[in-house]
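Where does this protein leave open space, and what surrounds it? The report below takes the pockets in turn.

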Amino acid sequence: MDRRDFLKKTTVAAAAGAGLAAAPAIARSTIKWKMVTTWPKNFPGLGTGANNLARLITEMSGGRLKVKVYGAKELIPAFEVFDAVSRGTAEMGHSSAYYWKGKVPEAQFFSTMPFGMAADEMNGWIYYGGGQKLWDEVYAPFGVLGRPAGNTGVQMGGWFNKEINSLEDLKGLKMRIPGLGGEVLKRLGGTPVNLPGGELFTALTSGTIDATEWVGPYNDLAFGLYKAAKYYYYPGFHEPGTILEALINKKAFEALPKDLQSIVLNACKVVNMEMLAEYSARNPGALEQLVKEHHVEVRAYPDDVLGQLRKVSAEVAQELAGQNAAAKKIYESYRSFLEASRKWTKISELAYLEARDGKR
Ligand code: CA
């Protein structure tokens, strides 16, 4: 080996050595994020969805970005998630946008709308129909990014201790029901209240509320709501495909290298898909358990009650659109996507499901 070859080889060896030596430096620069959530820690579907999101980001980044999840009340109360992410107390949050209606009324479009889009349609609108851009505009003044990170699918109408046979039965009813669904109940003479999920069982058994909705069989079984109410009504007209959102502090996000940014955003997409799949898998068995083991009476809302709920829901959505320019713009985008989707769904999903059930 001549001197030139020797030098070349030792330079390569030194470079390789330097590469190895650099590894501890990467470990030292691990970024730690907090994720605050609206859910009880580890609550099936919602809380475990937040856990999955944190785990995926940590795993996909090889531990360079570690995310630690906090359940409701561990760091901050359930309904302060948005504020906590906005001011940077936590870099991430997991919640749903309708909880911020007091601060940002138009955020509700990115959660769910009564008689609005189902899960597939919401994903279509957000990812390919201009929804995400509008969402970014709404949260920009707060220094927050919102991304879909879970979907419950169609929810159940709720738990009641009396039958709902007519609109009269909704009058004077004190019910936990969030978002615009609550506003619809109010117009029909009821009293909507919002409570974090963890407080529903006690509120219903103590008589603080007369009725409640939560999510669907899988989640409602977990909270034991069947012990507090007898009738389980469907469909959840007020939440036809609720998006659970990941909230990300914009400054913290922009400080990340591009690969970690991509990991965070794509982990949200994975969880968005996985959570819906989990609900599809778990709801049927949970429903059977509620009926067979706990003797829950499953009832459909009467057609005329649904008709009135639909009418009032349309009015409430229009009024929301009239609140400010942003709400109007989002409403128009949402509405035009839904109208186009309705025509397609009618001859695809709807026609197929009817055919599958022998109804045509
Ligand atoms: Ca709900």
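The second largest pocket holds about 270 Å³ of space. The model is a predicted one. Lining this pocket are 16 residues. Nearest its centre lie Pro114, Phe115, Ala314, Arg335 and Leu338. Helix 11 and helix 12 each supply at least two residues of this lining. Helix 12 gives the most, with 6 residues.

Now the largest pocket. About 1,900 Å³ of space lies in it. Its lining counts 42 residues. Ala118, Val154, Pro240, Leu350 and Leu353 are the ones nearest the centre of the largest pocket.

Five helices each bring at least two residues to the lining of the largest pocket: helix 4 (119–128), helix 10 (258–292), helix 11 (303–321), helix 12 (325–347) and helix 13 (349–356). Which helix gives the most to this lining? Helix 12 does, with 7 residues. Helix 12 also gives the most to the lining of the second largest pocket.

The table sorts each lining by residue class.

| Pocket lining | Nonpolar | Polar | Charged |
|---|---|---|---|
| Largest pocket | 22 residues | 10 residues | 10 residues |
| Second largest pocket | 9 residues | 3 residues | 4 residues |

In the largest pocket, polar and charged residues of the lining number 10 each, beside 22 nonpolar ones. In the second largest pocket, the lining has 9 nonpolar residues, with 4 charged and 3 polar.

Notes: Residues are numbered from 1 along each chain as its sequence is written. This is a predicted model: local features need pLDDT of at least 70, side-chain atom pairs count only at pLDDT 80 or more; totals for chains, interfaces and linings use all residues. Side-chain values use heavy atoms; hydrogens and water are left out. On a 1 Å grid over the protein atoms alone, a cavity is a set of points where a 1.4 Å probe fits but cannot get out, and a pocket is an open set with protein on both sides within 12 Å along at least five of seven lines; lining residues have an atom within 4 Å of a point. Grid points are joined across faces, edges and corners, and a volume is the space filled by probe spheres set on the points. Helices (H or I, at least four residues) and strands (E, at least two) are DSSP runs, numbered from the N terminus. Ala, Val, Leu, Ile, Met, Phe, Trp, Tyr, Cys and Pro count as nonpolar, Asp, Glu, Lys and Arg as charged, and the others, Gly among them, as polar.
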